[in-house]
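Biologist: Could you take me through one part of this model slowly, the open sheet and what packs around it? I am a first-year student, and I would like to see how the pieces fit together.

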Amino acid sequence: MENLLSQFLERGRIMMKFADLINQNVEELAALDSLDAGKLFSLGKTIDIPGAAETIRYYAGAADKIHGEVLKMSRPLHGYTLLEPIGVVGHIIPWNFPSTMFSLKVSPCLAAGCTMIVKPAEQTPLSALYYAHLAKLAGIPDGVLNVVNGYGPTAGAAISSHMDIDKVSFTGSGEVGREVMKAAAASNLKPVSLELGGKSPIIIFDDADLDMASELALMGILFNKGEVCVATSRLYIQEGIYDELVKKLVEKAKAWAVGDPFNPEVRQGPQVDKRQFEKILSYIEQGKKEGATLLTGGNRVGNTGYYIEPTIFADTKEDMQIVKEEIFGPVLALMKFKTTEEAIQRANNTKYGLAAVVVTNNLNVANTVSRSVRAGSVWINCYLAIDNDCPFGGYKMSGFGKDFGMDAVHKYLQVKAVVTPLHNSPWL
């Protein structure tokens, strides 16, 4: 028992050292993510990389707190449960937040005592390799944390179908998520957790502070150049403030600085690659063809690089592609509503359910909407309020399974029941 306890404590200590090494290499890691993904270097240094280290520290503290429970049996039996590592885990992570995704998948998995294979997106392979290097320096034993770069149809498919991998955690598109589930089912029936796409609504009511509301609305679609699973790309504005708020949005969008992600004055870098760049522009053209009114943006910025202007459409409808489909770029669709009931109905009119934002000063409205919108996260008067202790995951076709919080650790554990008979016990 003493040896087992020391293993848990040592696991936590090694994870703490891993986090310290990340903090010591912030500049290098942030630069790699900027080069690979076009992410803002300034935010990488202040948010993404320090945040990755803090996630590892959070789960380091959980490593020695994983336990089962003693059961109250109805017969003369003594029963208890054990929480055991599920085994070898395959993590397939996306390109939009390479460091954040690496840490939020790897950290709870390490705390649970699992070994793992991490396949970064082919667009962003570099920081994962650097993290693996730091993990080795921290003392994580060889074979525990393995990074395998490759393409989805080859490396990703191999992980999903491998008979000796016991669990797959995938973050990415719904289309690929289906293929992961099929491969898992056809191989060894390994459990799968999926964090998939979103088409998140932001609902702004008449009583909202317009300056705050306009900032939240733009941050919700322009942060990380719109390449965010919880981007609030559907904006519902109550009719009493519609005209004034739209005017503010357009003014601020036109002043939004797009350019070199290493420039600290820039607020939006390039899209991740040519394919994503062209996909976004094609959606913008489709929005025009379907009759939406382009209020600002819609064009490439400059002649080199994959930069796109912040783009806002008005006069959009729920059956338009730019309203129905995840664009994963800086494209916002505006719609007007009258009543709370209408806003709820239209917000739920989507196959996705990852997140939603409600902007109001009315507590009753906030409570009603937050309990009525089918989404895994609802943020009231804020955006991207993600925390290590707060479970994150989707409803409907946005997937299942939670990241962050202790829920994430339990994804990588399985429950074993142990029962022994009780003879001549004076009580049960």
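Modeller: Before we look at the sheet, one term is needed: two strands are said to pair if DSSP finds at least two bridges between them. Please also keep in mind that this is a predicted model.

With that in hand, the sheet can be described as an open one of six strands, whose order is 5-4-3-6-7-17 and whose pairing is mixed. Its edges are formed by strand 5 (145–147) and strand 17 (399–400), each of which pairs on one side only.

Let us start from the edge at strand 5, which pairs with strand 4 in the parallel sense over three bridges. One residue to find here is V118, which lies in strand 4 and has V147 of strand 5 as its bridge partner. With a relative accessible area of 1%, V118 is buried, because buried means under 20%. If you leave aside its neighbours within four places in sequence, V118 is in contact with H91, I93, F102, V106, L145, N146, V147 and V148. The C-alpha atoms of V118 and I92 are separated by 6.1 Å, although these residues are 26 apart along the chain.

Moving along the order, we reach strand 3 and strand 6, which run parallel and are joined by four bridges; in this pair, G90 has V168 of strand 6 as its bridge partner. Strand 6 is also joined to strand 7 by four bridges, and these two strands run parallel as well, with S193 of strand 7 as the bridge partner of S169. Strand 6 is mostly covered, since five of its five residues are buried. Both of its faces are covered, with K167, S169 and T171 buried on one side and V168 and F170 buried on the other.

Now consider the helices around these strands. Helix 4 packs on the sheet and touches strand 3, strand 4, strand 5, strand 6 and strand 7 (192–195), and its direction makes about 170° with that of strand 4. Helix 7, in turn, lies across strand 6, strand 7 and strand 17, and runs at about 180° to strand 7.

Helix 6 (residues 152–161) shows how the two sides of a helix can be set in contrasting surroundings, for A155, G156, I159 and S160 are buried. These four cover an arc of only 135° around the axis, which puts them on the same side of helix 6. On the other side, P153 and T154 are exposed. What covers the buried residues of helix 6 includes strand 3 (88–92), strand 4 (115–119), strand 6 (167–171) and helix 7 (174–186).

Finally, we can look at the nonpolar residues. In soluble globular proteins, nonpolar side chains tend to be buried together. Here, the largest nonpolar core has 84 residues, among which F18, F102 and I204 touch the most other members. Helix 4 (residues 98–112) gives the largest share of this core, eight residues. If neighbours within four places in sequence are again left aside, F102 is in contact with F18, I93, V118, A128, Y131, L145 and V147, so that list brings us back to V118, which is buried. There is also a second, separate core of 27 residues, which includes F205, I322, I327 and M335.

How values were computed. Residues are numbered from 1 along each chain as its sequence is written. This is a predicted model: local features need pLDDT of at least 70, side-chain atom pairs count only at pLDDT 80 or more; totals for chains, interfaces and linings use all residues. Side-chain values use heavy atoms; hydrogens and water are left out. Buried means under 20% relative accessible area, exposed over 50%, partly exposed in between (1.4 Å probe, protein chains only). The arc is that of the directions from the helix axis to the C-beta atoms. Contact means heavy atoms within 4.5 Å. A nonpolar core is a set of buried Ala, Val, Leu, Ile, Met, Phe, Trp, Tyr and Cys residues joined through side-chain atoms within 4.5 Å. Axes are lines fitted to C-alpha atoms, for helices over the stretch in contact, and angles run from 0 to 180 degrees between N-to-C directions.
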